[in-house]
Amino acid sequence: MLLFFPMVWFAAIASTALGEAATPRVIRDWLVIGPLDQRGRRAFNPSAVLAHHLLDRAVAPPIAGDTLTGELGRPQAWQTIEAGANGQLDGAFAAAFTTVEWPAAEVVLAELTGAATLWVNGIPQIGDVYGDGCGGLPIALREGANQLFVTGIRGGFRLALAPPPAELLFNPFDATVGDLVAGAPASVHVGLVVINATDRLLPRLELDFGSDRAEDPIELGTASDPAGLGPRALLKIPLELFPRVEHPLFAAPGRVEVAVRLRAGALAASTTITLEIKDPLALRRASYWSAVDGSVQQYAIVPPSDGSADAVVLALHGAGVDCAGHAAAYSSKPDFWIVAPNNRRRFGFDWQDWGRRDAYDVLDHFSSSHSIDPRQRYLTGHSMGGHGTWHLAANDPATFAAIAPSAGWASFDSYGGRPAGPLAALWQTADGASRTLTLIDNLTQVPTFVLHGSADDNVPASEAQALLEALRNSGAMPASHIEEGAGHWWDGGAAPGADCVDWPALFDHFRASRRPERIDHLTFTGNDPSTQAQCDWVRVVELLRYGEPFRIDARFDPAAAQVTVVSRNVSRLELRAPDDAAEVSWTIDGEELPAPTLPEWAMSGDPAQDAAELKQRSKRREFLLGTSGWEPWDPWAALRAHESWTFMRKESGFAASQGGGPFKRAFDNEFVLIHGTEGDAAEDEELRERARFDAAHWWYRGNGHARCLTDLRWLQLCATARDGELETNVILYGNRDSNAAWAALVPEEAPFDARRGELRIGERRFTGDALCAAVVLPNPRLGLLGLIADSGARGTRLGYALTPFISGVGYPDWTLFSTDVLTKGDDGVLAAGWFDALWRPQPDR
């Protein structure tokens, strides 16, 4: 847990308007340029605009008639154009540029809709590309002329600028709020966006909410954050609100308003949040605290018609739909809870990466407060959620008793496609969990019902047919219904809800399916153990070679008390006898192993003493973490050494106890962004702005909570941290010369290092002032390090070519690249690959 974010201060809110704001200035006069480069889900998309106009801040701006030629090979000219009276400018543009005159140097709020990024005098700010209505975000304008670029345009955009109504703001447009249940109110988590509309650090944030008066419905809560909020930064603060359960307001449906007050030195802001109190049988929103980043996420619940059920259906929404909207398409059932996660956002991560994690976290959070039979967990979803259904089950054949994708697509390779390139196989291997058809053997073990419209013009029915054919060819017998003449979203009279998701036969399929009490035979194939490493009673801990598939075939003969395992590309396993039998014989890859013996340390019988001892032994890495808690001898660990297997005590290196890459895995475990302040002025500014931009991007894309700290502040916090604090993942920006935290976290002998003018991976060195790298390493405190490393200020700016928060984009453990990626794509990659289990660069075959 982070030192400065104790969970007890996360409390719930509903927000108000920003206050009186000046009339926005709508920008209408632009230079635009047509499409230059191919777009798609790949590690590096060439960008002629970034290469020619944004990589170096000193480059002269474009003028009408200037031409650029990008990856598409067709010269395009910058041309003048005027937006309509409301500022909307529609068309197929690679970028837009304008010069804005401003009367004074100040921070203003920029509201950019329909485009991904606004560049202001070379400094980027996130845009509202999906038109979610997230309000204005802070930018710094100079007195006089300001150069503005807009990139990542999605069909059309609009930009408006306005001075903020105050220097410290609550943003009312993006509150995450859970509902209360009448008659049984419980604490509720809420996330609220705070904006620093100044160009200076606000060193400390203090909040209070509710009241200490017994007659008020919400208890008094306070919170403080000594880390503060950086210049022009935003932060979605997680809070937890505690209702006074005996208060009469909570006896029946209604609502309650709660005042929230914020202070940062001499600055103050306030807002009011509204909590809905719902009937126990009504559709409602729930919220939970996420261990990924300390944020608050939400999901929707459709209770069973009689208020109680043992079975749960996880229902995944389509693109552009939120959890409550999707849940409303289902009718209440007497025998199912229907629970709809949110994928973190309406578009989110296509139910991959952190979207997949959200689905599982929601299932765990809901199940922790409801009596759910683990044999009656089901999975369905529509469109993007149909893809999510295939995706989750293809990687995890053990959690769900049955699945039912509707209008789902298999993968980014079959639907939309991913651009080719010399390293396409490497990038797609790093995103191997999304390659559904390579995991078809897993899906054959899960009872499947496929629903699709024959005339679907969004996700063609061929997606369903291809998966049905693959399942049948693999020996499965999936059920299906293809509605003749139906499009992407269709309804009729077959179900009380929308037929395309509430189809009666779909729920009958669930009713007919149960997970067995015991699994005696399992096969488990994976492309990425960081996505899913466990299947029932087998867990893959380490691979022989990373970046390559693994496979397990495991059988249990109860009569002979014999477990037989056949593995491929696995060097370490955790195994547990399926019926927890004490006397079991083991054969792995044809080798009979002697029965393991208990370690010399055993439980004392005192739960508190045992928990403390196990925690300390875990920190010393004397045991692997068992799948069912701190259990040092169950399951057993098996280790392959020199082609021979042996059982072992659960002592391990980092890779086994905490897991390794690929790179995107570093954005987990309450990660914090640390930017350097030890470089020259240009380096320090670029690092600060890059970290600030990534934090804003994470908020927008993932409804996230990403803290930015300077290296010196981080080291101060580490010096005073108590045991168990600051054991988070860390994202470091800069290099050994520009970031003071580097030396504390990246030893000289690490397999990767970065200095001013140089990057090194293993024994290979690359020199230049415009190099960048994305690398994952072990964090010596606990967890992982993500390094967005550079060889200088230009290398920091080159880092904007990375797109780690886009689903379907994979990066291996380490990727080093030059400015050539902006014009040549993969040909600009200097080196990329995987570490082995001992964190050594894995040699190519």
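Two strands pair if DSSP finds at least two bridges between them. The legends below describe a predicted model.

**Figure 1. Overview of the predicted model.** The protein has 845 residues, of which 59% count as buried. Its secondary structure comprises 16 helices and 47 strands. Among contacts with a separation of 6 or more, 73% are between residues 24 or more positions apart. The accessible surface is about 30900 Å², and carbon and sulfur atoms contribute 50% of that area.

**Figure 2. An open sheet of 5 strands.** The strand order is 13-19-18-15-16, and the pairing is mixed. Strand 13 (180-181) and strand 16 (221-225) are the edge strands, each pairing on one side only. Strand 15 (residues 205-209) runs antiparallel to strand 16, and 5 bridges join the two. Within this pairing, Glu206 has Ser224 in strand 16 as its bridge partner.

**Figure 3. The loop around Asn121.** Most residues other than glycine have a negative phi. Asn121 is not a glycine, yet its phi is positive, at about 50°. The residue sits in the loop that links strand 8 (106-120) to strand 9 (123-126). The relative accessibility of Asn121 is 11%, so this loop residue counts as buried.

**Figure 4. The loop around Asp350.** Asp350 also is not a glycine and has a positive phi, here of about 60°. Its loop lies between strand 23 (336-340) and helix 3 (353-368). With a relative accessibility of 10%, Asp350 counts as buried.

**Figure 5. Cysteines without disulfides.** A disulfide is a covalent bond between the sulfur atoms of two cysteines. The structure holds 0 disulfides. Cys500 is buried, and its relative accessible area is 0%. Cys772 also counts as buried, at 1% relative accessibility.

**Figure 6. An edge-to-face pair, Phe336 and Tyr378.** A pair of aromatic rings is described by the distance of the centres and the angle of the planes. The whole structure contains 38 aromatic pairs. In the pair formed by Phe336 and Tyr378, the centres are 5.8 Å apart and the planes meet at 90°, an edge-to-face arrangement. Phe336 belongs to strand 23 and Tyr378 to strand 24 (residues 377-382), so the pair ties together parts that are 42 residues apart in sequence. Both partners are buried: Phe336 has a relative accessible area of 2%, and Tyr378 has one of 1%.

**Figure 7. A stacked pair, Trp409 and Tyr415.** The rings of Trp409 and Tyr415 are stacked, with 5.0 Å centre to centre and 25° between the planes. Trp409 is buried at a relative accessible area of 3%, whereas Tyr415 is partly exposed at 24%.

**Figure 8. An aromatic cluster.** One cluster brings together aromatic residues from several parts of the sequence, including Phe44, Phe349, Trp354 and Trp427. Further members are Phe663, Phe667, Phe671 and Trp698, along with Phe805, Tyr811 and Phe817.

**Figure 9. Charged side chains over aromatic rings.** Lys333 lies over the face of Phe507, at 4.3 Å from the ring centre. Arg690 is placed over the face of Tyr800, at 5.1 Å from the centre of that ring.

How values were computed. Residues numbered from 1 in each chain as written. Predicted model: local features only at pLDDT ≥ 70, side-chain atom pairs only at ≥ 80, totals over all residues. Heavy atoms only, no water. Helix = DSSP H or I, 4+ residues; strand = E, 2+ residues; numbered from the N terminus. Buried < 20%, exposed > 50% of the residue type's maximum accessible area, 1.4 Å probe, protein only. Contact = heavy atoms within 4.5 Å. Areas by Shrake-Rupley, 256 points an atom, 1.4 Å probe, with all protein chains shown as cover. Disulfide = S-S within 2.5 Å. Phe/Tyr/Trp six-rings, centres within 6.5 Å; stacked < 30°, edge-to-face > 60°. Lys NZ or Arg CZ within 6 Å of the ring centre and 35° of its normal.
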